[in-house]
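This report describes a single protein chain, moving from its overall fold to its surface and charges, and then to one chosen residue.

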Amino acid sequence: MTQVQAQNNDLLLIEKTVNYYLDGMTTHNAKSFEKAFHPNATMKWVDKKYEDVNAVEALSAYVNANDPVKTKTNIMAINIAGDAANAQLELEYDTFSYIDFMHLLKIDGQWKIVSKTYSTRPKSDKK
């Protein structure tokens, strides 16, 4: 397999992994997070202060405690360097968007999200 073919294959596998996460967020299926994330993956953000939690536990608790709402998702970018990659995602809700930065590693032949950082962006009135 050429390097281009290998990179295209990795791109498809990374998209599949990221889509497990997006499915979990849009359908509130917590089991999808286990397919997307390494069990020790972290999730970090700043609200009033810096937060750092286990991603699978926190996201599962969130979707189990809330009803699904209409969400538009977009994979904005994916960058790959060997067995490491990152992906920028947007989850658009009625009044705001989450902008997610996912860091992935190819572990035992499988791409897994090992960390997520995110920010919340209010929706502007401009269309």
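The protein chain, shown here as a predicted model, has 3 helices and 6 strands. Read from the N terminus on, its elements run α-α-β-β-α-β-β-β-β, so that two helices precede two strands, and a further helix is followed by four strands.

As to overall dimensions, a compact globule of 127 residues would have a radius of gyration near 14 Å, and because the protein chain has 15 Å, the value agrees with that expectation. Taken along the principal axes, the C-alpha atoms fill a box of roughly 45 × 35 × 30 Å. Among the contacts with a separation of 6 or more, 45% are accounted for by residues 24 or more positions apart.

The table gathers the percentages computed for the protein chain as a whole.

| Property of the protein chain | Value |
|---|---|
| Residues that count as buried, of 127 residues | 33% |
| Share of the exposed area supplied by carbon and sulfur atoms | 50% |

The exposed area to which the second row refers is about 7900 Å². Where charge is concerned, the protein chain carries 15 positive and 16 negative charges, and the mean positions of these two sets are 3 Å apart.

Turning to a single residue, Val4 lies in helix α1, which covers residues 3-27. Is Val4 buried or exposed? Since the cut-off for exposed is over 50% relative accessible area, Val4 counts as exposed because its relative accessibility is 59%. Val4 and Ile113 are separated by 109 residues in sequence, and their C-alpha atoms lie 22 Å apart in space.

Methods
Residues are numbered from 1 along each chain as its sequence is written. This is a predicted model: local features need pLDDT of at least 70, side-chain atom pairs count only at pLDDT 80 or more; totals for chains, interfaces and linings use all residues. Side-chain values use heavy atoms; hydrogens and water are left out. The radius of gyration is taken over C-alpha atoms; the globule rule is 2.2 Å times the number of residues to the power 0.38. Buried means under 20% relative accessible area, exposed over 50%, partly exposed in between (1.4 Å probe, protein chains only). Contact means heavy atoms within 4.5 Å. Accessible areas come from the Shrake-Rupley method with a 1.4 Å probe; for residues, only the protein chains shown count as cover. Lys and Arg count as positive and Asp and Glu as negative; His and the chain ends are not counted. The place of a charge is taken as NZ of Lys, CZ of Arg, CG of Asp or CD of Glu.
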